[in-house]
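Dear colleague,

I am passing on the structure we spoke about, and I would be glad if you could look it over with the notes that follow it.

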Amino acid sequence: MVSLASTFRQEPLRLALLSLVLASPAVAFYLPGVAPNDFVAGESVPLYVNSLSSPDTVLPYDYYLPQFHFCVPEGGPQDQKESLGSVLFGDRLHSSAFDLKMKEDESCKVLCKQTFSAEDAKFVNDRIKEEYYLSWIVDGLPAARVAQDARTGESYYNVGVDLGSITEEDGRPYLNNHWEIVIDVHTVDSRVYRVVGVLVTPLSIANLEEGKDCRTARLPSERLYLSEETGKQTEVTWSYSVTWKESSTPWGTRWDNYLHVFDPKIHWFSLVNSVVIVLFLTGMVAMILLRALHKDIARYNALEAQEDAQEDFGWKLVHGDVFRPPVKAMLLSVFLGNGVQLLLMTSVTFAGYTSARLYKMFHGENWKRNVIMTAFLLPGVIFTLFIILNFFLVGAKSSGAVPFGTMFALFSMWFLVSAPLCFVGAYFGFKKPRIEHPVRTNQIPRQIPEQPFYLRKLPSALTGGILPFGAIFIELYFIMNSIWFHRIYYVFGFLFIVFLILILTCSEVTILMCYFHLCGEDYHWWWRAFLTSGASAFYVFLYGAWYYYTRLTLDDAASTVLYFGWTFVMSLLFFVLTGTIGFFACFMFVRKIYASIKID
């Protein structure tokens, strides 16, 4: 079973994005605390190997790629059954040649001997320079090494086993060909044991002999360097040692050492920052609703009761045009249908249902085209980008490339599950009566006066998008770290609170901008409402570009294309999601205020 750590390794955006598109999320990670395995002394404990990853590139490589020359178990490696999600993540779990027996220590046990050619040596040395590391799993726990948080000084388990190292003495890459494995086990009755920790210390040993102390390699002359000289070959002996150590850590808390929170104070600062923004916006909205808007409604209704009614002014002036259907109403309804789908994610019929009801409200007649676009437009864009980016992985011979069988399974889920259910939702949506507005729409559109610069389309959208982004950008930093630096993100309580704050911020900033537009006699609010909060996705993409240039060291072109490709996909879905939140908040606001005034 795939571990929780492997969930957050290579290209984790894939599962999240495709599950959003297909609305059929796959469970792809190991959930701590649900399936303990008991072992008795002498029982075999399997060690599974996964793809090699690096913080300097987004290209994973299969463990048994011929250039690495890792030892193959008898009969060949057995592929482990994986979920759809783990395959999309780039996980490739295989059996290994390691022979681990519970409570039976081993010292310098030779796995096999391999010969590296100059070409393979250069390939492996380049991977060492790119800081690739091995991913092993024992009883659902990832192999790790003890690290120390530079800020807090706390010790934690850093997932991964280094492929090699570069010494300061000569700057040459040395291959780690020996592993010191320490497995912590917990027992209550000294008969049954459970694995509660896996620590691995890699070593580079040039002349390794079975039975010899394998921890003597300390000088560069004693370490293993793969020669890149043409025609020269390097003999490598792979070996390992195993030490079983009893631990007082119970099985239920074995993940505590892995789940380390980096910069905990910044998390609290992120939350306080978001709350302050929400309080500010709430105060602004309350001031408008309780003071300006309340006075407007009272004044409009008072003027209506007078015999010599004066000419309308302010936002009441556009009551006959405020619900006029927008241009490109079909595209807007398609976006909103998919946005509701992203927001709720409880049933695949919501996209078709919502889009159908809104399109009918806009007096749309081409309902077949609306249904087809809802089912295939946004998912099609995401799927096309997914296929294009997958070709870059194929070209780089990366194990992260999604196999044809998995691609076909995704395609089948889309056309045989998601699309038909979208059609079902649209059928029920079109059968519902049309949504009626509180005021009638005039036959002749009213002329819109010249708007000040800050209320024009682009400036108002960019202004409105800043605040939702400002409410989440600190938490976004931690999410990006977990994605690209393979750190385990598990503070979902913070994430849920920030998501609620995002919903409030999008709603309030859209209502504010909508009120200003209506007071300026601009009744084209449909798309404005969607774009105001949706513009926060533009800042998310800019943040992704800033993160790339300041935090990452992706040198190869394929990694750069993959990074910006998936960042664009993430920003696109964020645009649809936040735009939908802002639209429906504004929709309810406009209906409420125009239902509160008297119209002849």
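**What was found**

E131 is partly exposed, with a relative accessible area of 47%. The model is a predicted one, and within it E131 sits in the loop between α4 (118–129) and β6 (133–134), where it takes a positive phi of about 65° although it is not a glycine. H69 is another residue other than glycine with a positive phi, in this case near 60°; it is found in the loop between β4 and α3, and with a relative accessible area of 17% H69 is buried. A further positive phi, of about 65°, belongs to E521, which comes just after α11.

The loop that holds H69 also holds one half of the disulfide, since C71 lies between β4 (57–61) and α3 (84–89) while C112 lies in strand β5 (residues 106–116), so that the pair ties together parts 41 residues apart in sequence. The count of disulfides comes to 1, and in this bond between C71 and C112 the sulfur atoms are 1.8 Å apart, a separation that you may wish to keep in view when reading the geometry. The torsion about the S-S bond of C71 and C112 is about -90°, and the disulfide is therefore left-handed. Both ends are enclosed, in the sense that C71 is buried with a relative accessible area of 7% and C112 counts as buried at 17%. Two other cysteines are also buried, namely C422 at 4% relative accessibility and C506 at 0%.

Turning to the aromatic residues, the count comes to 58 aromatic pairs. One of them joins F376 and W414, whose rings are 5.8 Å apart centre to centre with 50° between the planes, which makes the pair tilted. Because F376 lies in helix α8 (residues 367–395) and W414 in helix α9 (residues 404–431), this pair ties together parts that are 38 residues apart in sequence. The two partners differ in their surroundings: F376 counts as partly exposed at 24% relative accessibility, whereas W414 is buried, with a relative accessible area of 6%. The rings of Y477 and F478, by contrast, have their planes at 80° and their centres 5.5 Å apart, so this pair is edge-to-face, and both Y477 and F478 are buried.

There is also an aromatic cluster, whose members include Y61, Y63, Y64, F68, F70, F123, W136 and W179. F123, one of these members, has the charged end of R127 sitting over its ring, 4.7 Å from the centre. A similar arrangement is found at Y225, where the charged end of R172 sits over the ring at 3.7 Å from its centre.

W136 and W179 appear again in the largest nonpolar core, which has 144 residues and in which these two, together with W525, touch the most other members. Helix α14 (residues 557–594) gives the most to this core, with 21 residues. A second, separate core has 8 residues, among them M330, V334, A356 and M373. As general background, nonpolar side chains tend to be buried together in soluble globular proteins.

Helix α14 itself has 38 residues and reaches 54 Å from its first C-alpha to its last, close to the 56 Å expected at 1.5 Å a residue. Of those 38 residues 29 are buried, so α14 is largely enclosed by the rest of the structure. Helix α11 (residues 492–519), with 28 residues, reaches 41 Å between its first and last C-alpha, which is close to the 40 Å expected at 1.5 Å a residue.

Lastly, 3 strands form an open sheet in the order β2-β7-β8, and their pairing is antiparallel. The edge strands, each pairing on one side only, are β2 (47–49) and β8 (141–142). Strand β7 (residues 136–138) is joined to β2 by 3 bridges, and within this pairing the bridge partner of Y48 is I137 in β7.

With best regards

Note on methods
Residues are numbered from 1 along each chain as its sequence is written. This is a predicted model: local features need pLDDT of at least 70, side-chain atom pairs count only at pLDDT 80 or more; totals for chains, interfaces and linings use all residues. Side-chain values use heavy atoms; hydrogens and water are left out. Rings of Phe, Tyr and Trp (its six-membered ring) pair if their centres lie within 6.5 Å; planes under 30 degrees apart count as stacked, over 60 as edge-to-face and the rest as tilted. Helices (H or I, at least four residues) and strands (E, at least two) are DSSP runs, numbered from the N terminus. Buried means under 20% relative accessible area, exposed over 50%, partly exposed in between (1.4 Å probe, protein chains only). A charge sits over a ring if NZ of Lys or CZ of Arg is within 6 Å of the ring centre and within 35 degrees of the ring normal. A disulfide is a pair of cysteine sulfur atoms within 2.5 Å. A nonpolar core is a set of buried Ala, Val, Leu, Ile, Met, Phe, Trp, Tyr and Cys residues joined through side-chain atoms within 4.5 Å. The expected span of a helix is 1.5 Å times one less than its number of residues. Two strands pair if DSSP finds at least two bridges between them.
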